[in-house]
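Student: I would like a close look at one part of this protein, namely the packing of one helix against another, together with the surroundings that can be described alongside. Please give cut-offs for the terms as you go.

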Amino acid sequence: MSPGFPDFRLGSVLATSFTATLTERHGDAVERTPTPQRLVDWLAVNALDVDSCTMAQLDLAHELREAIHAAATATALQEALPASAVQVINECSARGQATALLTPEGERRWRVSGVEDALGVIAADAISLVAGERDGKFALCASPTCRAAFFDASQSRTRRWCDMNTCGNRQKKARSNANRKSR
């Protein structure tokens, strides 16, 4: 990982993990992929290894990220999908030429030749989620400064936080401190 940057927030769902490269959207926003190399790092952590990234590709990645976030938010709120977000997601999906490979361990890996291929995999994952092809639902983080869209695949579908280790703990700590002060 590149030193001097905030840690990545990684989850088990590729598309929403990608949207988490920008956090605290309703507070002091934290950009976790501010440079092309940092995007390369994030892609590598998610088994989408690429050799390099240009500023134009980073801009495209950020555009896709925001389109996925907009579509996921609309889905969580049961609103119409923004046409511009749908267009960006579809264009990125169509542009990618990734190949799914089966490993000897029985896992799926992606062969990508560049950033556009990796973004195509992410866009295809977002399409699968928004189209309801996976068991779960979109929700919005209950943290007032975060409000990240996440995919809730828990059995009860009642998750409140995008990440319990960050937003959930922060909110629980704030409640505990408020209760302590009121006593």
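Tutor: The answer begins with a pair of helices, follows one of them into its loop, and then turns to the pockets.

This is a predicted model, in which local features need pLDDT of at least 70 and side-chain atom pairs count only at pLDDT 80 or more, whereas totals for chains, interfaces and linings use all residues. Residues are numbered from 1 along each chain as its sequence is written, and side-chain values use heavy atoms, with hydrogens and water left out.

Two packed helices are described by the angle between their axes and by the distance between those axes. Here the pair is helix 3 (residues 55–76) and helix 5 (residues 115–130), whose axes come within 11 Å and cross at roughly 5 degrees. The helices, as well as the strands, are DSSP runs numbered from the N terminus (H or I and at least four residues for a helix, E and at least two for a strand). The axes are lines fitted to C-alpha atoms, for helices over the stretch in contact, and the angles run from 0 to 180 degrees between N-to-C directions. Helix 3 and helix 5 are therefore roughly parallel to each other, a label given to angles under 35 degrees, while those over 145 are roughly antiparallel, those from 65 to 115 roughly perpendicular, and the rest oblique.

On the helix 3 side, the residues that meet helix 5 are Gln 57, Leu 60, Ala 61, Leu 64, Ile 68, Ala 71 and Thr 75; on the helix 5 side they are Val 115, Glu 116, Leu 119, Ile 122, Ala 123, Ala 126 and Val 130. Contact here means heavy atoms within 4.5 Å. By class, this contact has 11 nonpolar, two polar and one charged residues, where Ala, Val, Leu, Ile, Met, Phe, Trp, Tyr, Cys and Pro count as nonpolar, Asp, Glu, Lys and Arg as charged, and the others, Gly among them, as polar.

Ala 71, which lies in helix 3, repays a closer look. With a relative accessible area of 3%, Ala 71 is buried (buried is under 20%, exposed over 50%, and partly exposed in between, with a 1.4 Å probe and protein chains only). Apart from neighbours within four places in sequence, Ala 71 is in contact with Leu 81, Pro 82, Ala 85, Ile 89 and Val 130. Further along, in the loop between helix 3 and helix 4 (83–95), sits Gln 78, which is exposed at 74% relative accessibility and has a positive phi of about 55 degrees although it is not a glycine.

Helix 5 also leads to the pockets. Helix 5 and strand 4 (108–111) are the elements that give two or more residues to the lining of the largest pocket, whose volume is about 350 Å³. A pocket, on a 1 Å grid over the protein atoms alone, is an open set of points with protein on both sides within 12 Å along at least five of seven lines, in contrast to a cavity, where a 1.4 Å probe fits but cannot get out; lining residues have an atom within 4 Å of a point. Grid points are joined across faces, edges and corners, and the volume is the space filled by probe spheres set on the points. Of the 13 lining residues, Leu 14, Asn 46, Arg 108, Trp 110 and Val 121 lie nearest the centre of the largest pocket, and the lining as a whole has six nonpolar, three polar and four charged residues. Asn 46, found in the loop between helix 2 (36–45) and helix 3, is buried at 17% relative accessible area, and touches Leu 10 and Leu 14 when residues up to four places away in sequence are not counted.

The second largest pocket holds about 290 Å³ of space, and among its 17 lining residues the closest to its centre are Gly 11, Thr 16, Phe 150, Arg 159 and Cys 162. Helix 1 (residues 14–19) and strand 6 (149–152) each supply at least two residues of that lining. Thr 16, in helix 1, is buried with a relative accessible area of 11%, and, leaving aside neighbours within four places in sequence, is in contact with Phe 138, Ala 149, Phe 150 and Phe 151. The C-alpha atoms of Thr 16 and Leu 129 are separated by 9.5 Å, although these positions lie 113 residues apart along the chain count.
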